[in-house]
Amino acid sequence: MVIARLCALLLICVSLCTVSAARAEDGYRLWLRNAPVADAAQQRPGQVVLVGIESPTMILARDELSRGLAELFPGGATGRTTPILLRRVIGPQMREGAFTIASMDQGVAITANSDTGLLYGAFALLRELGQGKALASIRLDEAPAYDLRMLNHWDNPDGHVERGYAGRSIFDWWHLPGHVDARMTDYARANASIGINGVVINNVNARATMLEPRYIAKAKALADTFRPWGIRLYLSARFSAPRDIGGLKTADPLDPAVRAWWKAKADELYSAIPDFGGFLVKANSEGQPGPQDYGRSHANGANMLAEAIGNRGVVIWRAFVYAAENDEDRAKQAFTEFQPLDGKFASNVVVQVKNGPIDFQPREPFHPLFGAMPKTRLSLELQITKEYLGFASHLAFLAPLFEEVLDADTGRSGTVADTVSVIAGVANTGSDRNWTGSHFDQANWYAFGRLAWNPKLPSKQIASEWAAQTFSRDPAFLNAVVPMMLASRDAVVDYMTPLGLAHVMGTGHHYGPAPWVADLDRPEWNPVYYHRADRDGIGFDRTATGSDALAQYAPAVAKRLLADEALLLWFCHVPWDHRLTNGSTLWEELPRRYDRGVATVARMGTTWAGLAPYVDQQRHRAVADFLTIQADEARWWRDASLAYWSSVSGRALPAGHEAPAHPLAWYQAQRFPEAPGQ
Ligand code: BDP
């Protein structure tokens with residue numbers, strides 16, 4: 001009887017354990033799962049030994065490594081083991097964060113001349129082992145390509161995340177600073193594991209509240225948590241803060257009282273957060289206040305803040321500007337405004353430029369400012385959150401998009417990657433258990449960090465690293481999932497904005513197709529502004545016969561861009577019968593592209609279904625559900641777009657393409673006031 005009871009108890013325990021093991025695979029651990037390495041023949045890592053003076057960061061590196069190794073090799077360090085040395089050396093000048101990993105007589109040594117170098121080295125070793133590589137074979141010699149690799153959060157103090165598709169803000173503003181959620185440490189750890197070393201914690205559409213003492217105390221609590229992980233905190237600053245919260249009558253950057261106010265504010269910040277990174281500013285853009293409200297230039301505004309910050313940090317000034325009363329092609333305005341200011345910015349100002357000249361579209365040419373401001377430090381701003389690529393439910397691996405812009409030859413001073421000194425990504429994190437709203441969007445956070453560390457990493461390697469650590473390192477799994485990821489962004493381009501189309505998303509929320517919208521106040525808010533489709537043709541003429549935005553690029557580059565059919569309708573207005581290089585007319589090719597996008601998504605669904613044996617049920621199911629949503633929505637995009645192009649061109653769909661499921665009016669009647677992220 002007693003034995004039977006004991007057995008029953010044991011059974012309950014075992015089943016509880018199994019349930020909790022299954023529950024643990026909810027995505028919270030991101031790519032840091034350290035799933036056990038199967039190969040018992042592997043040389044096992046032994047104890048982790050610190051060589052050098054212990055610092056909080058070095059202790060984190062050691063603990064991280066010890067814990068990670070114990071997870072990867074759960075059998076414990078029995079038999080012959082290899083010690084891991086974390087060696088802090090005084091060595092040749094290396095970029096902060098650089099490290100090497102090599103086998104030595106005493107063991108495998110991670111060597112660096114900075115604390116963060118050791119931390120990054122520790123994570124790198126776990127990353128390599130996590131992909132199933134043998135300890136003895138791991139040799140790395142790495143240095144980050146850029147000093148500043150940062151996330152920009154568009155999080156508001158009320159917890160809402162602008163363009164956030166993963167729940168509420170991860171920052172628990174209300175309970176800070178009294179309570180710092182443990183999640184803040186996990187967040188910092190995840191960032192450190194991929195080399196991110198700066199975070200802007202609030203929205204570029206900033207509230208001045210963030211600069212009030214009450215919020216500075218909250219920011220300080222976060223900065224203290226992030227610091228040992230090598231992460232500095234930055235704030236988005238509202239330009240009118242001296243008026244909004246400072247009691248001044250003006251925010252004119254040349255006014256001595258305004259300058260004194262910012263200087264005092266910077267001092268207040270530095271006394272709370274000694275390593276405060278600096279300000280990020282969106283000025284005179286989309287209704288935000290700025291120096292032009294006082295007839296001053298962007299350089300006047302940026303330099304005033306740069307003076308307040310001094311050599312303690314930087315001012316990151318965004319070039320994302322387009323003005324209400326300006327009828328110049330929106331794609332040209334940032335260049336027109338900023339290029340003449342080259343050489344006029346203080347040395348601690350960084351001008352932050354979005355990857356393309358419009359706004360984070362599925363495909364854009366690179367921004368012409370890259371390479372055109374040689375005397376100014378530039379930051380490349382990428383959007384990790386998928387505002388224009390189907391939110392969290394569409395699987396789109398963004399490394400190929402990021403790679404495309406980083407590798408673009410500016411024709412002036414190398415590639416885009418060569419011309420920038422900072423990389424920033426608009427974060428996709430939120431309060432959802434899996435951090436990013438969908439499991440595959442974790443890959444975009446990961447890819448961003450890896451590319452900011454090394455812009456030359458191929459997308460394929462990044463996909464493989466991520467998938468191996470996040471799901472399974474089985475080659476059969478990787479051989480299927482990596483190509484699926486690599487094709488996913490092009491699929492979105494195909495079913496949303498093929499052949500250079502842009503900004504045809506639903507008004508405000510940017511969810512779903514709405515190329516027909518033509519009734520918004522400002523011309524450039526309307527999709528019709530971007531595609532200019534009518535009975536005769538489609539596309540935005542940005543050649544010399546049109547807005548001549550092409551002339552903002554180096555001549556050889558302009559020629560190349562013009563010849564690129566993937567950007568045809570971005571640069572040219574062409575007749576529907578325009579012949580493409582493959583011999584088809586544009587009208588024949590358009591439906592083919594939409595169909596191709598829809599078909600790729602369907603294949604992704606099939607591929608994923610076949611991968612069930614490699615992935616825990618919970619995550620497999622979640623991804624499968626989203627792929628079904630994506631398949632429906634890809635079809636919706638295709639149908640709505642084709643129905644509309646058909647109506648403006650007055651042409652029937654070419655033979656061989658299925659008719660849209662509904663008449664155009666049905667698509668036009670859809671409303672989504674509750675769509676997230678607005
Ligand atoms: C646009 C977003 C808007 C942002 C803006 C920006 O729709 O929410 O505030 O970019 O980058 O794409 O400032």
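1. Start with helix 9 (330-338) and strand 11 (349-354): each of them supplies at least two residues to the wall of the second largest cavity. Bear in mind that this is a predicted model. The volume of that second largest cavity comes out at about 90 Å³.

2. Here is what you'd see around the second largest cavity if you clicked through its wall. The lining runs through Ala319, Phe320, Val321 and Tyr322, then Arg330 and Ala334, then Val353, Lys354, Gly356, Pro357 and Ile358, and ends with His367. Sorted by class, the lining of this second largest cavity has eight nonpolar residues, two polar and two charged.

3. Now for the largest cavity, at about 110 Å³. Its lining counts 14 residues, and the ones nearest the centre are Trp31, Asn34, Leu126, Arg127 and Gln469. Two elements give two or more residues each to this lining, namely helix 3 (115-130) and helix 13 (459-470).

4. Which element gives the largest share of the lining of the largest cavity? That would be helix 3, with four residues. As for chemistry, the lining of the largest cavity breaks down into seven nonpolar, four polar and three charged residues.

5. One to look at on screen: both domain 1 (44-142) and domain 2 (148-470) put at least three residues into the lining of the largest cavity.

6. Finally, the overall tally. Searching the whole structure turns up eight cavities of 30 Å³ or more, and the two described above are the largest, at about 110 Å³, and the second largest, at about 90 Å³.

How values were computed
Residues numbered from 1 in each chain as written. Predicted model: local features only at pLDDT ≥ 70, side-chain atom pairs only at ≥ 80, totals over all residues. Heavy atoms only, no water. 1 Å grid on protein atoms, 1.4 Å probe; cavity = no way out; pocket = protein on both sides within 12 Å on 5 of 7 lines; lining within 4 Å. Points joined across faces, edges and corners; volume = space filled by probe spheres on them. Nonpolar A, V, L, I, M, F, W, Y, C, P; charged D, E, K, R; others polar. Domains from an automatic or database assignment.
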